[in-house]
Amino acid sequence: MVAVGECRLDIQLRPVSGVAVPLRRGEVLRIVQEEGQQPVSLNCFNLHDHKEHLSVGHMRREGFRTKEGRILWSNTPRYSPLAAILHMSQSCVADLLVPRCSAPMLEWLYGLVDHPNCQDILAECIGEYGLTPDDVHDPINLWLEVGVNHHGYIIRGATGHAGDHVDLLALTDILTVAAMCGLAHLLGAARSSYKPIRVQVFRHTIETEQLAKRYIQEYTGLKNQRTPQHYRNRSILAERTLRQVEGYQPTFYRVVGREIDVTFSPDEYLAIQRLRGQMGKTTAEVARVLFMRWYIKHRKALGLRYDPSEERSV
Ligand SMILES: [Zn+2]
């Protein structure tokens, strides 16, 4: 258990609302279930560059759900650790599949034209920092159990008990946004009513600072974790209409094929011939497919958060 600092913010979110909270590196955001079963949608932005924000799509590379010890990754080509999940109560199922609920969706599906929803609540929260409804991104759905079936995802319901909490350690300066899901009670979540949520911020300690530094050291340093200084175009459009840039020429990767001679034993050659028609038309095509399969199996790193026990879950 990491010792957090003094509590500098302690607010109760009344149904149905949210809050945007800036955190400095090493600080901890705590989201607490006051009564239980109230799903919470979470957004996160780099406090110094709003174009960098949480990417649940990239978090899904590590599973459809997230859990204690995992990282909140930012959008590519940044792919940078924004925060770490220091604590997540066992009964908090955190979903990464479902997009945020929104007013058009509620009107379309249920005929509800004036109903709370995550998109609008998140947008109202980030408006305090000059961001617009277009800046809301897909959230981490805390305390929401979701499965998959032949149609796609299926919401099974809200989870969590009174006192359950999630602690996020800021690994850089971030703006976190916590919103109570306005749709959840329709689906039987929160026992078909809204429940209050508590949001707290704890100041950094030497221990949280050092832990944040360790996460940063472990998960940064790749040449391809790019920042705007690496971009060909660093400017942000100030107008809404898109116009063709005069003389612009895209620069793509240069892929140069090269023929190499490979010698096979008679047995290998026969094995390759048996696979013709399944893996490729020619001997060379089959040999390429076999090599690529070998490469992926033996040369691929295990992944940032590889957990073999999860391969069959969800
Ligand atoms: Zn929602």
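Hi everyone. Let's start with one residue, Tyr110, which is partly exposed, with a relative accessible area of 40%. Keep in mind as we go that this is a predicted model.

So where does Tyr110 sit? You'll find Tyr110 in helix α2. Tyr110 also belongs to a nonpolar patch on the surface, together with Trp108, Leu109, Leu186 and Leu187. Taken together, those five residues, Trp108, Leu109, Tyr110, Leu186 and Leu187, have about 570 Å² of accessible area.

Now let's move to the metal. Which residues coordinate the zinc ion? Three cysteines do, through their SG atoms: Cys101, Cys118 and Cys181, at 2.2 Å. If you follow the chain, the zinc donors are spaced as C-x16-C-x62-C. Have a look at two of them in particular. Cys101 is in the loop between β9 (94-95) and α2 (103-110), while Cys181 is in the loop between β14 (174-180) and β15 (197-202), so this pair ties together parts that are 80 residues apart in sequence.

Are Cys101 and Cys181 buried or exposed? Buried counts as under 20% relative accessible area. Cys101 has 5%, so Cys101 is buried. Cys181 has 10%, so Cys181 is buried too. Tyr110, at 40%, is partly exposed.

Finally, let's zoom out to the whole chain. The domain assignment gives domain 1, covering 7-223, and domain 2, covering 261-297. How far apart are the centres of domain 1 and domain 2? Taken over C-alpha atoms, the two centres are separated by 47 Å.

That's my tour. Thanks for listening!

How values were computed:
Residues are numbered from 1 along each chain as its sequence is written. This is a predicted model: local features need pLDDT of at least 70, side-chain atom pairs count only at pLDDT 80 or more; totals for chains, interfaces and linings use all residues. Side-chain values use heavy atoms; hydrogens and water are left out. Domain bounds come from an automatic or database domain assignment. Donors are N, O and S atoms within 2.8 Å of the metal (3.2 Å for Na, K and Ca); water is not among the atoms, so sites may look incomplete. Helices (H or I, at least four residues) and strands (E, at least two) are DSSP runs, numbered from the N terminus. Buried means under 20% relative accessible area, exposed over 50%, partly exposed in between (1.4 Å probe, protein chains only). Patches are made of residues with over 30% relative accessible area and no salt bridge: like charges are joined within 9 Å, nonpolar side chains (Val, Leu, Ile, Met, Phe, Trp, Tyr) within 5 Å. Accessible areas come from the Shrake-Rupley method with a 1.4 Å probe; for residues, only the protein chains shown count as cover. A salt bridge is a side-chain nitrogen of Lys or Arg within 4 Å of a carboxyl oxygen of Asp or Glu.
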